[in-house]
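Q: I would like to learn how to read strand pairing, ring pairs and empty space in a model. Could we go through one case together?

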Amino acid sequence: MNNDVTELVLILDRSGSMSSCARSTVDCFNDFIEKQKQENSGAVYVSVVLFNQGREVLYNRVGLYEVRPLTVGEFRASGGTALYDALASGIHHIGKAYKYARPDEAPGKTIFVVITDGAENSSRLYTLEETRKMVEREIREYGWEFLFFGANLQAKEVAQALGFKEENAVDYICDEIGSTQTYDALNSFVSEFRKEGRVSSDWRGGVDRDYQTRKKSR
């Protein structure tokens, strides 16, 4: 494993319910990528998967500097939410890539990020149990990190059902402010993880405060 290389897999919901914050999601994603390009913390392989009832792989393990700005046309929100298929397929693909990589090429740090605003309702390839077992195995045996940002649902309960660590499940509000706070928290996590291989507990503070402050008014 090469600890100077980070694998970053972004699994972004673009189902119909995401239409209300599509513009802010695109802007915040682009800002996040640009901030990561300014970091001097080793190489990053980036994969980006957009999902609704199907999946579109925008990037498949490309270098960070090859990621161009996301457009509203690419992030056209519609359809259902096949979360299990998107997450499990991504895990399978990255695991297979590592299996055939030379030891000095396989990234020493792996981060999967799910950002969604709806409950699973469309998966056909993988069940919840199958997906959870895959997540738990990668955490237990290889130390992969999985982050879950959920709007309009109980993020902690959904993430824990998927096998994510409780501290890596974050509720957010799907609007311009909430999206900004979400991607700021994501940037904090990824930046620190790239540098240190671990993350302090305060990475999510801004998005948590925003959610707690505004959730009662919605």
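Q: How many bridges join strand β2 to strand β3?

A: This is a predicted model. In it, strand β2 (residues 43-51) and strand β3 (residues 55-63) run antiparallel and are joined by six bridges. Two strands count as paired from at least two bridges. One of the contacts is between V48 and its bridge partner in β3, Y59. With three residues between them, β2 and β3 form a hairpin.

Q: What describes a pair of aromatic rings?

A: The distance of the centres and the angle of the planes describe such a pair. Rings count as paired if their centres lie within 6.5 Å. By this rule there are 10 aromatic pairs here. Take Y98 and W144: the ring centres are 5.6 Å apart and the planes stand at 75°, so this pair is edge-to-face. Planes over 60 degrees apart are put in that class.

Q: Where in the chain do Y98 and W144 sit?

A: Y98 belongs to helix α2 (residues 83-99), while W144 is in the loop between α3 (128-142) and β5 (145-150). The two are 46 residues apart, and the pair links distant parts of the chain.

Q: Is Y98 buried or exposed?

A: Relative accessibility under 20% is the mark of a buried residue. Y98 has 11% and therefore counts as buried. W144, at 4%, counts as buried too.

Q: Which class does the pair of F146 and F164 fall into?

A: The centres of these two rings are 5.4 Å apart and the planes are at 55°, so the pair of F146 and F164 is tilted. F146 lies in strand β5 and F164 in the loop between α4 (155-161) and β6 (169-171), so this pair ties together parts that are 18 residues apart in sequence. Both F146 and F164 are buried.

Q: Which residues do ring pairs link into a cluster?

A: The cluster consists of Y98, F112, W144, F146, F148 and F164. The residues of the two pairs just described, Y98 with W144 and F146 with F164, are among its members.

Q: Now the empty space. Which residues line the largest pocket?

A: A pocket is an open set of points, whereas a cavity is one from which the probe cannot get out. The largest pocket holds about 260 Å³ of space. Its lining is made up of M1, I91, H92, G95, K96, Y98, K99, M134, R137, E138, Y142 and W144. The largest share, six residues, comes from α2, and α2 and α3 each supply at least two residues. By type, the lining divides into six nonpolar, two polar and four charged residues. Y98 and W144, the edge-to-face pair, are also part of this lining.

Q: What volume has the second largest pocket, and what lines this pocket?

A: The volume is about 170 Å³. V9, S47, V49, R55, V57, N60, A86, S89, G90, H93 and I94 form the lining. Here β2, β3 and α2 each supply at least two residues, with α2 giving the most, five residues. The lining of the second largest pocket has five nonpolar residues, five polar and one charged.

Q: How many cavities of 30 Å³ or more does a search of the whole structure find?

A: The search finds one. The largest cavity has a volume of about 30 Å³. F29, N30, I33, E34, K37, V67, R68 and P69 line this cavity, and they divide into four nonpolar, one polar and three charged residues.

Methods. Residues are numbered from 1 along each chain as its sequence is written. This is a predicted model: local features need pLDDT of at least 70, side-chain atom pairs count only at pLDDT 80 or more; totals for chains, interfaces and linings use all residues. Side-chain values use heavy atoms; hydrogens and water are left out. Helices (H or I, at least four residues) and strands (E, at least two) are DSSP runs, numbered from the N terminus. On a 1 Å grid over the protein atoms alone, a cavity is a set of points where a 1.4 Å probe fits but cannot get out, and a pocket is an open set with protein on both sides within 12 Å along at least five of seven lines; lining residues have an atom within 4 Å of a point. Grid points are joined across faces, edges and corners, and a volume is the space filled by probe spheres set on the points. Ala, Val, Leu, Ile, Met, Phe, Trp, Tyr, Cys and Pro count as nonpolar, Asp, Glu, Lys and Arg as charged, and the others, Gly among them, as polar. Rings of Phe, Tyr and Trp (its six-membered ring) pair if their centres lie within 6.5 Å; planes under 30 degrees apart count as stacked, over 60 as edge-to-face and the rest as tilted. Buried means under 20% relative accessible area, exposed over 50%, partly exposed in between (1.4 Å probe, protein chains only).
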